[in-house]
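Here are some notes to go through with the model open in your viewer. They hop between a few spots, so keep the residue numbering handy.

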Amino acid sequence: MKAVILAAGYGTRLQRDVAADNSGRFAHLAGTAKPLLPVGRCALISHWVQALSASGCVDRIYVVTNALYQTAFEEWAAHFSNVEILSDQTRSNDERLGAVACLQLAVKHFKIEEHVVVIGGDTLFKEDFSLSKVKQRFSEVQAECEDSCLVLSYHCRDDETQKYGILEVDDDLRVLCMKEKPRPSETKSRRACPCFYVLSKNSLPLLDTFLEEKKEAPIEEKDAPGNFVSWLISRTLVHTHQISGRFDVGNLSSYTECDLYFREKLQDVESYMV
């Protein structure tokens, strides 16, 4: 199994917040890609590399970034023997390919023909999350059908449904559909779906189909990876695995909350996410 970490975003909201902050406390974050932000004792993305390596879930980790941050990622990756960097060759947010196209780029460039763990480079999970448990759950759904994919879900409040993709599932935790940012009255579900997916090797050719269908669509339809998952649900089996929550680093406020947790509250650093 391989891992692809999506890290080609430009962090425009966070960089805008850093530039507007007058305290000077966050000046060192200016021009830093979100996955490379210091979170606790290391860069945000390093938590993923350490957990993926320690769990033995994958044997290679591919990180897709952009030309603007490529050198910074290559310098960071030099400390890890199982990480490779790929640039999407864009230099601005207006040029971005979108997360789904970046995933397809990695699959083609590295000739991936195995199951793939797809991870949003600006996301971390609460301490109950375990890659070993995810691997076990994926093995279970694969035993039922080799086409099966796995996504995560966590409970969100009524006033948060309009921020996320919300999964509706059956009694066996098979995903029936994903509604994109619905009003609370539009779904009974409160299962938010973060950017962490285990895609079966059989589902990877569907990336080409999706992007071919969307080639004339606006970038927004190809950017959010959840759009591909929503499309995938009607074409193959997708199951969910429940977790308690996540840290989503989008702006300066969410970054400082995440960093504080990892500096002061993380209980077991060595086994985190393993």
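**Notes on a predicted model**

1. Let's begin with lysine 181, which sits in the loop that links β10 (175-180) to β11 (191-192). Keep in mind that the model is predicted. Lysine 181 has 46% relative accessibility, so it goes down as partly exposed. Leaving out residues up to four places away in sequence, lysine 181 touches Thr161, Gln162, Lys163, Tyr164 and Gly165. If you want a long-range distance to check, lysine 181 and alanine 30 are 151 residues apart in sequence, and their C-alpha atoms are 30 Å apart in space.

2. Next, serine 153, in strand β8 (residues 149-155). Is serine 153 buried or exposed? Its relative accessibility is 0%, and because the cut-off for buried is under 20%, serine 153 counts as buried. Its contacts, again not counting residues up to four places away in sequence, are Leu167, Arg191, Ala192, Pro194, Thr240, His241, Gln242 and Ile243.

3. Now the helix pair α4 (residues 99-109) and α6 (residues 205-213). Their axes come within 10 Å and cross at roughly 140°, which means α4 is oblique to α6. The crossing of α4 past α6 is left-handed. On the α4 side, Val100, Ala101, Leu103, Gln104, Val107 and Lys108 do the touching; they meet Leu207, Asp208, Phe210 and Leu211 of α6.

4. α6 also packs against helix α8 (residues 225-233), at an angle of about 105° and with the axes 11 Å apart. That angle is why α6 counts as roughly perpendicular to α8. Leu206, Leu207, Thr209, Phe210 and Glu213 of α6 make this contact with Asn227, Phe228, Trp231 and Leu232 of α8. Leu207 and Phe210 are worth clicking on: both are listed in the contact with α4 and in the contact with α8.

5. Last, helix α9 (residues 252-264), where a length check works out. With 13 residues at 1.5 Å a residue, α9 should span 18 Å, and its end C-alpha atoms are indeed 18 Å apart, so the two agree. At the start of α9, a side-chain oxygen of asparagine 251 comes within 3.3 Å of the backbone nitrogen of serine 253.

6. Which residues of α9 are buried? They are Leu252, Ser254, Tyr255, Cys258, Asp259, Tyr261 and Phe262. The elements covering them include the helices α1 (12-20) and α2 (44-55), along with the strands β2 (38-39), β7 (123-125) and β14 (246-248).

Definitions and conventions. Residues are numbered from 1 along each chain as its sequence is written. This is a predicted model: local features need pLDDT of at least 70, side-chain atom pairs count only at pLDDT 80 or more; totals for chains, interfaces and linings use all residues. Side-chain values use heavy atoms; hydrogens and water are left out. Helices (H or I, at least four residues) and strands (E, at least two) are DSSP runs, numbered from the N terminus. Buried means under 20% relative accessible area, exposed over 50%, partly exposed in between (1.4 Å probe, protein chains only). Contact means heavy atoms within 4.5 Å. The expected span of a helix is 1.5 Å times one less than its number of residues. A polar contact is a pair of N or O atoms within 3.5 Å; within protein, one must be able to donate a hydrogen and the other to accept it, and residues adjacent in sequence count only if both atoms are side-chain atoms. Axes are lines fitted to C-alpha atoms, for helices over the stretch in contact, and angles run from 0 to 180 degrees between N-to-C directions. Angles under 35 degrees count as roughly parallel, over 145 as roughly antiparallel, 65 to 115 as roughly perpendicular and the rest as oblique. A crossing is left-handed if the near helix is turned anticlockwise from the far one by less than a right angle, and right-handed if clockwise.
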